[in-house]
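Colleague: Walk me through some side-chain contacts and one sheet. Keep it short.

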Amino acid sequence: MTQEEDIAAEAAAETHGPTHSGFVALIGPTNAGKSTLVNRLVGAKVSIVSHKVQTTRAIVRGIAIHDNAQIVFMDTPGIFKPRRRLDRAMVTSAWGGAKDADLIMLLIDSERGLRGDAEAILEGLKEVQQPKILVLNKVDRVNREDLLALAAAANEKIAFERTFMISAENGSGCDDVMDYLASTLPEGPWYYPEDQISDLPMRQLAAEITREKLFLRLHQELPYSSHVETEKWEERKDGSVRIEQVIYVERDSQKKIALGKGGETIKAISTAARKELSEILEQPVHLFLFVKVRENWGDDPERFREMGLEFPK
């Protein structure tokens with residue numbers, strides 16, 4: 001047994017009664033609120049969030065404790081019709097996560113309903129054997145009659161074990177979801193130490209935080225042609241940490257956008273990322289960002305490995 005498993009076993013032994021644990025794959029169309037919901041259920045930020053679609057690129061695992069259960073949420077990339085190699089890798093990753101889980105949670109944006117990608121996902125779920133629950137998000141924006149009609153339409157297509165109506169943004173209905181998962185997941189030891197909230201290495205989480213700030217700052221100017229990697233991480237004697245990251249773009253014109261006039265854009269991104277990283281790490285952070293052009297990085301197998309994705313042939 002590894003040291004991590006020892007710690008997890010000790011934590012579980014201190015609880016009352018048998019422990020439960022399992023993996024819950026959260027799937028759905030792009031921008032349905034999956035990352036927001038995972039962060040809400042875990043109680044901490046483990047997945048980046050933006051108004052842009054396809055923000056999540058690889059599976060992020062967020063770990064929550066509820067009653068005697070350890071619930072490992074797998075925040076998968078949004079499922080959509082792929083156009084590029086990166087798109088195909090993201091969609092493949094999402095379906096792979098669903099098939100590896102103990103239970104599948106389908107998240108649907110109540111305002112958008114079953115239009116577009118949601119319909120295709122329901123068809124795809126018919127081939128997946130795991131038990132499934134339906135979670136309708138953003139219910140505070142839709143009237144009750146439309147919600148009931150949406151739930152009925154989805155349940156006609158798939159035999160969901162349960163249907164939940166929630167708001168990931170304000171937390172409404174989320175406790176009911178957690179109660180159900182804690183009581184439904186199989187009995188067994190916990191997979192992770194009690195205080196661990198994600199399996200994402202800190203270097204990778206730091207890169208994701210910076211990528212989020214890049215998305216939020218640049219809106220439509222630099223859509224999906226950027227990628228962030230943490231190249232250096234130095235713990236300093238004064239208790240601070242020095243982090244060096246590279247933002248890769250595909251063209252010189254994109255580099256100019258990322259830097260901004262007089263470097264003001266990259267400074268703003270760095271300031272926002274440094275502030276959040278300092279709060280997460282609970283120590284001073286010195287963050288240095290560099291922008292480099294790497295043409296066609298979206299066709300580079302090494303970049304896919306860095307993102308935790310399989311390189312599609």
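Modeller: Start with Arg141, which at 44% relative accessibility counts as partly exposed (buried is under 20% relative accessible area, exposed over 50%, partly exposed in between, with a 1.4 Å probe and protein chains only). This is a predicted model: local features need pLDDT of at least 70, side-chain atom pairs count only at pLDDT 80 or more, and totals for chains, interfaces and linings use all residues. Residues are numbered from 1 along each chain as its sequence is written, and side-chain values use heavy atoms, with hydrogens and water left out.

Colleague: Which residue meets Arg141 in a salt bridge?

Modeller: A salt bridge is a side-chain nitrogen of Lys or Arg within 4 Å of a carboxyl oxygen of Asp or Glu. Here the N to O distance is 3.5 Å. The partner is exposed, with a relative accessible area of 61%. It is Glu169.

Colleague: How many residues apart are Glu119 and Lys157?

Modeller: Their closest N and O atoms are 2.8 Å apart, in a salt bridge. Glu119 sits in helix α4 (residues 117-125) and Lys157 in helix α5 (residues 144-157); helices (H or I, at least four residues) and strands (E, at least two) are DSSP runs, numbered from the N terminus. The pair links distant parts of the chain, and the separation is 38 residues.

Colleague: Is the ring pair Phe23 and Tyr191 stacked, edge-to-face or tilted?

Modeller: Rings of Phe, Tyr and Trp (its six-membered ring) pair if their centres lie within 6.5 Å; planes under 30 degrees apart count as stacked, over 60 as edge-to-face and the rest as tilted. By this rule the count comes to 2 aromatic pairs. In this one the centres are 4.8 Å apart and the planes at 55°, so the pair is tilted.

Colleague: Why does the pair tie together distant parts of the sequence, and how many residues apart are they?

Modeller: Phe23 counts as buried, at 17% relative accessibility. Tyr191 counts as partly exposed, at 41%. Phe23 lies in strand β1 (residues 20-27) and Tyr191 in the loop between α6 (174-184) and α7 (202-218), so the parts they tie together are apart by 168 residues.

Colleague: Which strands stand at the edges of the sheet β7-β8-β9?

Modeller: The sheet is open, with mixed pairing; two strands pair if DSSP finds at least two bridges between them. Strand β8 (residues 241-249) pairs with β9 in the parallel sense over 9 bridges. Each edge strand has a single partner, so one side of each is left without a neighbour in the sheet; the edges are β7 (227-235) and β9 (285-293).
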